[in-house]
Amino acid sequence: MVAGSSKLIRKATDDEIRWVSKAMGYHPSGCVRGVAILEAQSLGACVLYDHWTPAAVQVHVCAPSLKALFNEIYLQEIFAFPFITGNRGVLVSVTPADQKGSLAVSSWLGFKEKYRIRDGWAVGVDMILKELR
């Protein structure tokens, strides 16, 4: 429980992982893990970590409530999990270029664009690869 609020930060449930994956059109592997924040018993935000390599992990951010995502304690947790608990040095995000809101949030979180693959998401929609170290 986040002090002085009705927010709860915890490991994402299998149902939350399925919901987020479906909402994003993403098919998780068997190694997916997540950190969720609840607001008044509803999912405020969920960050999934999947496709682990020895040095990196892919990150998927779903935030029905941007306010929940920008909670300072939640931000500490979503970065502590892959960098400290997971002992990874690089986070990778893959985003369609037409998702301006998602790209803005990932930039705000500190991700930097590294590659743009023309028509990599769909014909006419580039795939943007970002990293955070």
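Which residue takes a positive phi just after H3? The points below answer this and go through the rest of the model.

1. Status and overall make-up. The model is predicted. The protein chain has four helices and seven strands, and along the sequence these run in the order β-α-β-β-β-α-α-β-α-β-β.

2. Dimensions. The radius of gyration of the protein chain is 14 Å, which agrees with the value near 14 Å for a compact globule because the chain has 133 residues. Along the principal axes, the C-alpha atoms occupy a box of roughly 45 × 30 × 30 Å.

3. Burial and surface. Of the 133 residues in the protein chain, 44% count as buried. The accessible surface is about 7600 Å², and carbon and sulfur atoms account for 56% of that area. Taking contacts between residues at least 6 apart in sequence, 51% link residues at least 24 apart.

4. Helix H3, length and bend. H3 covers residues 72–85, 14 residues in all. From first C-alpha to last, H3 reaches 18 Å, close to the 20 Å expected at 1.5 Å a residue. H3 bends by about 30° at Phe79, and Pro82 follows within four residues.

5. Helix H3, start and buried positions. The N-terminal end of H3 is capped by Asn71, with a side-chain oxygen 2.9 Å from the backbone nitrogen of Ile73. The buried residues in H3 include Tyr74, Leu75, Ile78, Phe79, Phe81 and Pro82. An α-helix has 3.6 residues a turn, so residues three or four places apart point the same way.

6. Leu75. This residue belongs to helix H3. Leu75 counts as buried because its relative accessibility is 15%, and the cut-off is under 20%. Beyond residues up to four places away in sequence, Leu75 touches Leu69, Phe70, Trp108 and Leu109. Pro28 is 47 residues from Leu75 along the chain, and their C-alpha atoms are separated by 22 Å.

7. Asn87. To return to the opening question, Asn87 is the residue just after H3 with a positive phi, of about 55°. Asn87 sits in the loop between H3 and strand S5 (90–96). Its relative accessibility is 62%, so Asn87 counts as exposed. With neighbours within four places in sequence set aside, Asn87 is in contact with Pro54 and Pro82. Of these two, Pro82 also appears among the buried residues of H3. Asn87 and Ala56 are 31 residues apart in sequence, with 8.8 Å between their C-alpha atoms.

8. His51. Although His51 is not a glycine, it has a positive phi of about 55°. His51 is placed in the loop between strand S3 (42–50) and strand S4 (56–62). The relative accessibility of His51 is 39%, so His51 counts as partly exposed.

9. Asp119. Here too a residue that is not a glycine has a positive phi, and for Asp119 the value is about 60°. Asp119 is placed in strand S6 (residues 112–122). With a relative accessible area of 39%, Asp119 is partly exposed.

10. Ser106. This residue lies in helix H4 (residues 100–109). Is Ser106 buried or exposed? Ser106 counts as buried, because its relative accessibility is 7%. The side chains of Ser106 and Lys130 are joined by a polar contact of 2.8 Å. Setting aside residues up to four places away in sequence, Ser106 touches Phe111 and Lys130.

11. Ile17. Helix H1 (residues 14–24) contains Ile17. Its relative accessible area is 8%, so Ile17 is buried. Which residues is Ile17 in contact with, leaving aside its neighbours within four places in sequence? They are Ala12, Val32, Gly34 and Leu48. Ile17 and Ala80 are 63 residues apart in sequence, and 19 Å apart in space from C-alpha to C-alpha.

Note on methods: Residues are numbered from 1 along each chain as its sequence is written. This is a predicted model: local features need pLDDT of at least 70, side-chain atom pairs count only at pLDDT 80 or more; totals for chains, interfaces and linings use all residues. Side-chain values use heavy atoms; hydrogens and water are left out. The expected span of a helix is 1.5 Å times one less than its number of residues. The bend at a residue is the angle between axes fitted to the seven residues ending there and the seven starting there. Buried means under 20% relative accessible area, exposed over 50%, partly exposed in between (1.4 Å probe, protein chains only). A polar contact is a pair of N or O atoms within 3.5 Å; within protein, one must be able to donate a hydrogen and the other to accept it, and residues adjacent in sequence count only if both atoms are side-chain atoms. Contact means heavy atoms within 4.5 Å. The radius of gyration is taken over C-alpha atoms; the globule rule is 2.2 Å times the number of residues to the power 0.38. Accessible areas come from the Shrake-Rupley method with a 1.4 Å probe; for residues, only the protein chains shown count as cover.
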